[in-house]
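Work through the exercises below with the sequence and the model at hand. Each task is followed by a solution in steps.

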Amino acid sequence: MSSVVRNQGSSVAIRSLSPSSSINRCSHASASSDGATCGRPAWIGKRLTCVCFKRKGVYEGICFNITPKQEERLNRLRHRMKVYFDGSRPDHQEALRALWSATYPGKELHGLISDQWKEMGWQGRDPSTDFRGAGFISLENLLFFAKTFSTSFQCLLKKQGGNRSAWEYPFAVAGVNITFMIMQMLDLDALKPRTFIRSVFLQMLSENEWAFDLLYCVAFVVMDKQWLEKNATYMEFNEVLKSTRTQLERELLMDDVLRIEDMPSYTLLC
């Protein structure tokens with residue numbers, strides 16, 4: 001079922017949710033200060049959240065229950081987000097080797113600390129120092145991208161297509177930054193939801209446990225597309241990342257986007 005909130009001729013399309021989700025119109029929403037922004041939350045009860053949107057000065061919103069499946073997968077994703085990269089752990093070392101193998105098939109890696117890593121876009125000989133911002137999940141995201149959409153991964157890695165800048169973004173470090181950007185955008189670590197984007201994503205997560213990783217892949221190709229369209233250089237990377245986030249948020253809120261695969265930019269992947 002679906003619901004559309006309308007206000008003075010404008011509308012916000014509300015995602016079609018599964019039958020197990022309970023939706024109610026927001027009862028606490030009211031006019032607020034002009035400085036308020038969309039995404040004002042209120043905690044109604046156990047697992048019941050209400051997210052409001054300011055449309056031309058008036059708040060409207062919906063309320064729905066987080067299903068057990070959503071809660072389970074959210075907790076699992078939160079756990080992944082809290083794992084720091086530890087170069088002494090055998091499984092983390094193996095993940096690094098797997099990333100190298102997926103990136104450069106048939107090319108021997110001389111060591112986990114090697115100048116070879118700079119070829120992939122790490123800042124130094126030891127890639128573990130670049131994971132501090134986003135943790136082990138950023139390595140998992142890169143590995144998922146390399147294995148799931150190898151053509152797109154290789155194209156971005158080699159900076160193929162378009163008029164490239166003389167000072168390009170470092171591929172691997174850009175990937176870590178994209179992971180961190182998505183974590184901030186989805187606000188998954190907050191106890192109470194503060195944006196509708198998070199609520200939309202939770203529904204997608206209930207449909208596909210790999211929704212975060214798929215969104216990461218979409219974000220990477222969107223970022224590169226924005227980079228080319230803006231003729232950006234490395235010093236403008238943060239601005240490109242901001243515009244990438246804006247594009248992702250816009251697509252996630254489209255009324256016919258119920259899965260990551262429904263996002264228009266998903267078609268950029270191959």
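**Exercise 1.** Are Arg-80 and Asp-213 buried or exposed? Establish also how the two residues are paired and which elements they join.

Solution. The model is a predicted one.
Step 1: Arg-80 is buried, and Asp-213 is buried as well.
Step 2: the two form a salt bridge, with 3.0 Å between the closest N and O atoms.
Step 3: Arg-80 belongs to helix 1 and Asp-213 to helix 7, so this pair ties together parts that are 133 residues apart in sequence.

**Exercise 2.** Locate the salt bridge between Asp-189 and Lys-82, and classify the exposure of both residues.

Solution.
Step 1: the side chains meet at 3.9 Å, N to O; the cut-off for a salt bridge is 4 Å, so the pair counts as one.
Step 2: this pair links distant parts of the chain, with Asp-189 in the loop between helix 5 and helix 6 and Lys-82 in the loop between helix 1 and helix 2, 107 residues apart.
Step 3: Asp-189 has a relative accessible area of 45% and is therefore partly exposed.
Step 4: Lys-82 is at 54% relative accessibility, so Lys-82 counts as exposed.

**Exercise 3.** State how many salt bridges the structure holds, then describe the pair Arg-89 and Asp-91 and the network that includes Glu-72.

Solution.
Step 1: the total is 15 salt bridges.
Step 2: in the bridge of Arg-89 with Asp-91, the closest N and O atoms are 2.7 Å apart.
Step 3: both partners are partly exposed, Arg-89 with a relative accessible area of 35% and Asp-91 with 40%.
Step 4: Glu-72 is linked with Arg-76 and Glu-209 in a network of salt bridges.

**Exercise 4.** Which residues touch the most other members of the largest nonpolar core? Identify also the helix that gives the most to this core.

Solution.
Step 1: the core has 73 residues, and those touching the most other members are Met-120, Trp-122, Phe-145 and Phe-220.
Step 2: helices 1 to 8 each supply at least two residues of this core.
Step 3: helix 7 gives the most, with 13 residues.
Step 4: leaving aside residues up to four places away in sequence, the contacts of Trp-122 include Leu-99, Trp-117, Phe-131, Leu-142 and Val-176.

**Exercise 5.** Place Lys-159 and Asp-187 in the chain and give the phi and burial of each.

Solution.
Step 1: Lys-159 lies in the loop between helix 4 and helix 5, and Asp-187 in the loop between helix 5 and helix 6.
Step 2: phi is near 55° for Lys-159 and near 55° for Asp-187, a positive value in a residue other than glycine.
Step 3: Lys-159 is buried at a relative accessible area of 16%, and Asp-187 is buried at 13%.

Conventions. Residues are numbered from 1 along each chain as its sequence is written. This is a predicted model: local features need pLDDT of at least 70, side-chain atom pairs count only at pLDDT 80 or more; totals for chains, interfaces and linings use all residues. Side-chain values use heavy atoms; hydrogens and water are left out. Helices (H or I, at least four residues) and strands (E, at least two) are DSSP runs, numbered from the N terminus. Buried means under 20% relative accessible area, exposed over 50%, partly exposed in between (1.4 Å probe, protein chains only). A nonpolar core is a set of buried Ala, Val, Leu, Ile, Met, Phe, Trp, Tyr and Cys residues joined through side-chain atoms within 4.5 Å. Contact means heavy atoms within 4.5 Å.
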